[in-house]
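Hi everyone, thanks for coming. Today I'd like to walk you through one protein structure, a piece at a time. Please have the picture open as we go.

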Amino acid sequence: MSSAAEQGAVAGGRATEDGCAAGDGRATGDGRAAQEDRPSAAVNGARRAAPPPGVPVWPGAPTPLGARFRAGPEGVVGTNFALWAGGAEAVELCLFDGSGRETRARLTELTHEIWHGFVPGVMPGQRYGYRVHGRWDPWTGARWNPAKLLLDPYARAVDGAKGNDYSRLPPQVYGHVRDWPDQSVADTVRDERDSAPYVPKGVVVHDDDDWSDDRRPKTPWADSVIYELHVRGFTRLHPGVPEELRGTYAGLAHPAAVEHLVRLGVTAVELLPVHQFAHEDHLLRRGLRNYWGYNSIGYFAPHAAYAASGTAGQQVGEFKRMVRALHAAGIEVILDVVYNHTAEANEYGPTLSLKGIDNQRYYRPQPDPRRYADYTGCGNTLHVVQPHVLRLITDSLRYWVTEMGVDGFRFDLAAALARSMHDVDMLSPFLAVIAQDPVLRRVKLIAEPWDVGSGGYQVGAFPPLWTEWNDRYRDAVRDFWRHALPDVREMGYRLSGSSDLYAWNGRRPYASVNFVTAHDGFTLRDLVSYDRKHNEANGEDNRDGTDDNRSWNCGTEGETDDEPVRALRRRQLRNLLTTLLLSTGVPMLVAGDELGRTQRGNNNAYCQDNEIGWLDWSLLADPGWRSLFELTSRLIALRHRHPVLRRRAFFSGRAHSADGLRDLAWFTARGTEMTEGDWYAPAATLGMYLSGRDIPGRDGRGAPVVDDSFLAVLHAGDRPVGFVLPGPPWAERYEVIVDTSREEQAEAPGVLHASGAAVTVPARSVLLLKVAG
């Protein structure tokens, strides 16, 4: 994420007129669920009682938090509601019928700062929210305002938000008078208008799915290839997906979408945020919407706008069916999660949930408690050292693993979560809880290892169990291929697993998630087509987005009909993808890079829910871009076949046999092993030898792991170079496997070269050679 343009907050989500149209799978007018959402047989056998006028509230239980449909006393079915609101003076449960009419009931039971009650007769599909009473004293951080309907932080589905209908946020959704004449104190003046018609509402969901028919792929980290994609953008233009399913969870689960992932060979999809999120006011005023979704407001609810089946709880089942379909294809599901901040922004942002429940303890304050500590660039930072906030996050994580079937998480601005009181602390409560949690310590954990606060850059510092987005890999590879590195030391470390960053505390090469591009920045095609960002469509006068792109436009800015420039760009794309997939560590690709997707030079497309942000599937019909897909698929398959390309331990660089052959060796174009002086000298050519004879570890039967050996020659110079192939003990002969100077890669056995021969490496290209004897 890390875009300054993602500041502010919004009540958002897909609008439904009343969220209860009978006969279409949504809740019926009396709040009961449609057939597909009816409770299990055990609960069906319990006695039902329709809630009489006045909504009786029985004591209920303080756990679990949220709204849980179940059988209560004497077998009467209903819903238990439980809300942590530590400093509140009173809490009202608000139930909404199909016409939007509200009925309120006080929760009078208070146990360990949790307000709770059981309401008989409340069925799945029921929409609800809370009004929380307390002091209004922003000068001390107290911002309770019962005029504002609040979303349950534990709501498992969200419905009824009409953010897409607004040209800006209604003033009623703010706890303070947004348009107060003196803006310097506007946040201290309480707004008494009711926000209920304008804000999202939780939905009671019943789910007794035990996942007994699901088989998680459980791909080892070293064998993983990650594919970062946007649920909506991936299928929005897919011609093989039915139009009514495009841009939805069901669309991603469709065989046409899954087939592409399988043919490509990736082992996991990393989904941009699918927690319920909201649109910022500054975007609405410009006629735009939040597209990426880094503006969460519901940590248990799948984003309603991505559901094809309905938003009154059906989105939960649809998400699960998507996960099952991907698992059946051998593909894991990793969620990009945003627990560092919420959509309520700073003191001038809207009041949607946590701000109105207990602002003082959900968010990190500045020394002036009226203001928020902001380590995220988005106005607020969750106060993770507070036990109830830590519980919210870990409960959410466990829910997505155990009940929604996901296989791991990528934590946006993870350094903000690792802060204790102020500084980033690798012994922080958050990291300690994750390390000992029996559910979470077994799933994939990826850190974006920085935030925007002082001391926030923490690449290489996270503890074992964690992998990290390695931006030093990204920068080195980009700089090498635009011939901007002063020497090749950095490139050597990045190609071989970044041992300088990860070996010191017992981590493995797969602690490094290697990437050249991510959602945040240029696409791969734009990286070789633009020297400068072109973000004018974002409406911020091109001020947003980074200026540190490390890109090269190959001599012409933007799209061109100049065929030599176009051919060079395609070659550079092949170089970048080949480098990524031959590097030790875990490769991550961005959806569409294998097809030559462009964002027209926009390097911050967070608000472009249109053709700029969507994947253009027509590129597959272009022979030039189709050949890029085929090369990418071939390289991934090569990686899967050869354990030497996906090592589970760092290289030693030492000889393990009498002939002096080492597991890793580096060569100059002269065919000689690199000396210390060579590492410090300017160079455009680097040879990397990977021995398949010296792979540490054993297979499942205890036998040594033995593989082919390879020589990769990377040449970033603008003229061809003669490279002398190393002789014994390295090899007698070499077979060319990949030559990125070629548009089409030969499927037949490659050209054989004798050791000692000088092979011509074309300008700006990679040769991958397999040792043939």
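Let me begin with a term: two strands count as paired if DSSP finds at least two bridges between them. One more thing before we look around: this is a predicted model.

With that term in hand, look at Leu714, which stands opposite Val766 in S30. Leu714 belongs to strand S25, residues 710-715, and S25 pairs with strand S30, residues 765-771, in the antiparallel sense over six bridges. Another position to find is His715, whose bridge partner in S30 is Ser765.

What about the other neighbour? Strand S24 is joined to S25 by six bridges, and these two strands run antiparallel. There, Tyr689 stands opposite Leu711 in S25. In general, strands of a sheet pair through backbone hydrogen bonds, either parallel or antiparallel.

Now zoom out to the whole sheet. In what order do the six strands of this open sheet come? The order is S23-S24-S25-S30-S27-S28, with antiparallel pairing. At the edges you find strand S23 (664-667) and strand S28 (752-754), each of which pairs on one side only. From one strand to the next, the twist averages 25°. Helix H15, residues 563-582, packs on this sheet and touches S24, S25, S27 and S30. The direction of H15 makes about 40° with that of S30.

Let's go back to S25 for a moment. How many of its six residues are buried? The count is six of six, so S25 is mostly covered. As a general point, side chains in a regular strand alternate between the two faces of the sheet. In S25, Phe710, Ala712 and Leu714 point one way, while Leu711, Val713 and His715 point the other way, and all are buried.

Next, a hairpin elsewhere in the chain. Strand S2 (residues 66-71) and strand S3 (residues 76-84) run antiparallel, joined by six bridges. Ala71 stands opposite Val77 in S3. Four residues lie between the strands of this hairpin, and Glu74 takes a positive phi near 60°.

On to a pair of helices. The axes of helix H4 (residues 255-264) and helix H16 (residues 623-641) come within 8 Å and cross at roughly 60°. How do we describe that crossing? H4 and H16 are oblique to each other, because the angle is neither under 35 degrees, nor over 145, nor from 65 to 115. From H4, the residues His260, Arg263 and Leu264 meet Arg626, Phe629, Thr632, Ser633 and Ile636 in H16. Sorted by class, this contact has three nonpolar, three polar and two charged residues.

My last topic is salt bridges. Side chains of opposite charge can pair when their charged atoms come close. The count in this model comes to 59 salt bridges, and I've picked three for you.

In the first example, the side chains of Asp336 and Arg410 meet at 2.9 Å, N to O. Asp336 sits in strand S17 (residues 332-337) and Arg410 in strand S18 (residues 408-411), so this pair links distant parts of the chain, 74 residues apart. Are these two residues buried or exposed? Asp336 is buried, and so is Arg410.

The second example is Arg361 with Asp358, whose closest N and O atoms are 3.5 Å apart. Both lie in helix H7 (residues 354-362), three residues apart, which is about one turn of the helix. Why do we call one of them buried and the other partly exposed? The cut-off for buried is under 20% relative accessible area. Asp358 has 1% relative accessibility, so Asp358 counts as buried. Arg361 is partly exposed, because its relative accessible area is 24%.

In the third example, Arg550 forms a salt bridge with Asp475, with the closest N and O atoms 3.8 Å apart. Arg550 lies in the loop between helix H14 (524-527) and H15, and Asp475 lies in helix H11 (residues 471-481), so the pair ties together parts that are 75 residues apart in sequence. Arg550 counts as partly exposed because its relative accessibility is 24%, and Asp475 counts as buried at 16%. These two also belong to a network of salt bridges that links Asp471, Arg474, Asp475, Asp479, Arg482, Asp548 and Arg550.

That's my tour. Thanks for listening!

Conventions
Residues are numbered from 1 along each chain as its sequence is written. This is a predicted model: local features need pLDDT of at least 70, side-chain atom pairs count only at pLDDT 80 or more; totals for chains, interfaces and linings use all residues. Side-chain values use heavy atoms; hydrogens and water are left out. Axes are lines fitted to C-alpha atoms, for helices over the stretch in contact, and angles run from 0 to 180 degrees between N-to-C directions. Contact means heavy atoms within 4.5 Å. Ala, Val, Leu, Ile, Met, Phe, Trp, Tyr, Cys and Pro count as nonpolar, Asp, Glu, Lys and Arg as charged, and the others, Gly among them, as polar. A salt bridge is a side-chain nitrogen of Lys or Arg within 4 Å of a carboxyl oxygen of Asp or Glu. Buried means under 20% relative accessible area, exposed over 50%, partly exposed in between (1.4 Å probe, protein chains only).
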